[in-house]
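Visitor: I should like to take a close look at one part of this model, beginning with its backbone. Please guide me through it in a connected account.

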Amino acid sequence: MSILDDTKAVAQGLVQKGMAKAVALAPDSWMPGGKPDPLIAHQHGHVGKPVSRIDGPLKVAGAARFAAEVPLEGLAYAALAYSTIAKGRIVAIDTAAAEAAAGVIAVMTYRNAPRLQPPPAFMSSQKAAGGDTLPVMQDDHIHWNGQPIALVLAETQEQADHAKALIQAAYAEEPAQTDFAEAVARGTQVAQFMGEPLHNAVGDAEAALAEAAVKVDATYRTPRHNHNAIELHGVTCAWEGETLRIHDASQLVAHTAWSIAQMFGIAEEQVVVTSPFVGGGFGGKCLWQHQAIAAAAAKFAGRPVRLVLSREGVYRIVGGRSLTEQRVALGADADGKLTALIHSGVTAKTAANAMPEPFILPARSVYAAESVLLHVDTVEIDMLSNTFMRAPGEAVGTFALEVAMDELAEATGIDPIALRLRNEPEKDPTTGLPFSARHVEKMWRDGMERFGWSRRNATPGATRDGEWLVGMGCATGTYPYYRMPGGAARITLNRDGHATIDIAAHEMGMGTATAQTQVAAERLGLGMADITFNYGDSTLPGVVLAGGSQQTAAIGASVIAAYNALVAELLKAAGNDSPLAGLKPDEIASRDGGLCKADEPERHESYASILARAARDTISVIAEPPMPLETQHWSMHSHSAVFCEVRVNTVTGEPRVTRILGSFDCGRILNPKTARSQFRGGIIMGLGLALMEETQFDERNGRVMNPSLAEYHVPVQMDVPEIDVIWTDIADPHTPMGAHGIGEIGITGTAAAIANAIYNATGKRVRDLPITLDKLL
């Protein structure tokens, strides 16, 4: 980075800080959410109802078409070959045998691939989606072990897979940095996350720690993790004249369309990305090299192409979570009040991406402490670029912080829950902002009663059932409320009272279409059958990312803006003969298929009547919500209290989780049925994080050594215990629908609760994930 770039970055940072300070001090009424969403008070029975997924029948019948199932005439099947070195150059690549193999249409390498620009890296601009900034099959350079070096096109998938195994490559290796400890020894740099350094300091935490009556100071480690969605990453694409149509498994269709257009040097409108169904995303179903390679191959061969990554292929070219080494040091007085909170450490990333694992994020807001020091350093490794993965930062950060809190509870002799509640903050400890909504005490007390915490024996190793030691543990979790800019929605209302909502959002199995149909029906005063919710298409309005647990808020705010515009248009169309004549949009509510005066519901006219009088078949509006300034005005978070019971075998060391309860404070719950599923899914992910998941990375050559579900273990049916879920269901008055995101809060805190329960059962403190039986023998 040049001196000029440094100067620009500093200036930009000062401007951002100045704006944030102004937003924080502004009156509540100036903020989005300053006035509660009317939907919180005006309820017609849709929101909060446990509605089954509207796409469920399609999926059960096998009629829900995923990206790798789109039929196209003349389709060619693709397979990728990958590099076997971490850094260097290709000096020879022999594709003759592959080209001669049965059914092979073509082999594409850097020597004959269409010319592409490097992908724009995610967060480098509003619509940038690339996992890194590296060229895609454009030259002979190798940047990581597993980089695609060739693509085979054939008439069948089996022919493509066979032919790719015949490709021979020779390399000139270059020195690569693949050893984490060696990289740390060479020097670290301050991590940057979302444009800001991962650093917070309040007071002198090190001095306060030294003087503390009780202290805990330990190192916690978490390994690399890989994405393993049930649906493999797949893409089916074709050039239709000058238009590129991509059927993708995506959680950011609008971003992908723009980014692919940048790579091919064409207009954004010439790329259409559709993704109606996604079989799990979790941060991994974004833009990686396979989409661009498939599109280039379709152009190269002049026919449609389908590329589905093998499970190994996902490990080779789709980023996951990087390893962390974390120090948590807590100082407290004799009553357990925190006088010092230090959470720092180091993680690895690559030079080509901007995603360090931000593990200090939970410590910014979860506990009150007189002094705070939070800091993340990074080192750069020659490996596949890491990315967002299942509560990035929070998932592994809460493990370290919450195990340390358990250790502090042990040192002070205070019940772990009492210790946490004793350190509940009145305002955000690092920003000073007020909380938009925080009902943590109720969440904990409801969970304690439901789980039976009072039956826990506080003495480690004291509870035994035959050859099994039994223990209970708990942990808190937190995940920020986000609402990213760029949302927009279109509402089209027909004379028959049917409304269509169009927004480039995503359905990854969590029930987005169902919950948003409920919300739209509630907002418009219609039945769910009168709503069509269109999504998963880059030609629709909005730049909405399904990630960061923010899509619900982004859609909700966009639909609010469109609804307000629709009401204004309807009032114009209603004219002077309507019962609504003379009313302003902010005096209006919807009910019974029409509009009414909010405080005089009998003053009502149906949509059909308004459109008939205006002699219009439809009214269509599109609108964008305001910038998400509420996140700089209030401290906004989802919260969890996770309770766990474990059994550890005294003979084999095997740990078994027998019972988990998640108690959540996440604002208003829009659909209890789909929400319960999401909470449980997150908890199961936390179970895998705690006990089994680990990417085995060979630091000698930078290669992932367990790229399959036979060797990379995730929880299966027999691993999953009884999971109970409850929530406060108290609306946040400053968010759309009063709701918070729930997609990632389930995983946060779960690993720590399991680790703490294992300590209670055995007296063994494990600070290094995963907690495998060899660590308990």
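Visitor: In which loop does M123 lie?

Guide: This is a predicted model, and the account below should be read accordingly. M123 lies in the loop that runs between β3 (104-108) and β4 (141-142). Its backbone deserves attention, since M123 is not a glycine and yet has a positive phi of about 80°. As for its surroundings, M123 is partly exposed, because its relative accessible area of 34% falls between the 20% limit for buried and the 50% limit for exposed residues.

A391 offers a useful counterpart. A391 is likewise not a glycine, and its phi is positive, at about 60°. This residue is found in the loop between β18 (372-380) and α10 (394-412). With a relative accessibility of 0%, A391 counts as buried, because the limit for that class is under 20%. A further backbone feature concerns a peptide bond: the one from L769 to P770 is cis, with omega near -5°. P770 is located in the segment after α18 (750-762).

The strand β4, which follows the loop of M123, leads on to a sheet. This open sheet has 3 strands in the order β4-β2-β6, and their pairing is antiparallel. β4 and β6 (168-173) stand at the edges; each has a single partner strand, so one side of each is left without a neighbour in the sheet. Between β2 (residues 88-94) and β6, the antiparallel pairing extends over 6 bridges. Within this pairing, I90 stands opposite Y171 of β6.

Among the helices, one packing arrangement can be described in detail. Helix α7 (residues 253-264) packs against helix α8 (residues 289-301) at an angle of about 50°, and their axes are 11 Å apart. α7 is therefore oblique to α8, as the angle lies between the limit of 35 degrees for roughly parallel and the 65 degrees at which roughly perpendicular begins. The crossing of α7 past α8 is right-handed. On the α7 side, the contact is made by I260, M263 and F264, and on the α8 side by A292, A295, A296 and K299. Sorted by class, the residues of this contact comprise 6 nonpolar and 1 charged, with no polar residues.

To return to the starting point, M123 combines a positive phi with a partly exposed position, whereas A391 has a positive phi in a buried position.

Technical notes
Residues numbered from 1 in each chain as written. Predicted model: local features only at pLDDT ≥ 70, side-chain atom pairs only at ≥ 80, totals over all residues. Heavy atoms only, no water. Helix = DSSP H or I, 4+ residues; strand = E, 2+ residues; numbered from the N terminus. Buried < 20%, exposed > 50% of the residue type's maximum accessible area, 1.4 Å probe, protein only. Axes fitted to C-alpha atoms, helices over the stretch in contact; angles between N-to-C directions. Parallel < 35°, antiparallel > 145°, perpendicular 65-115°, else oblique. Left-handed = near helix turned anticlockwise from the far one by under 90°. Contact = heavy atoms within 4.5 Å. Nonpolar A, V, L, I, M, F, W, Y, C, P; charged D, E, K, R; others polar. Pairing = 2+ DSSP bridges.
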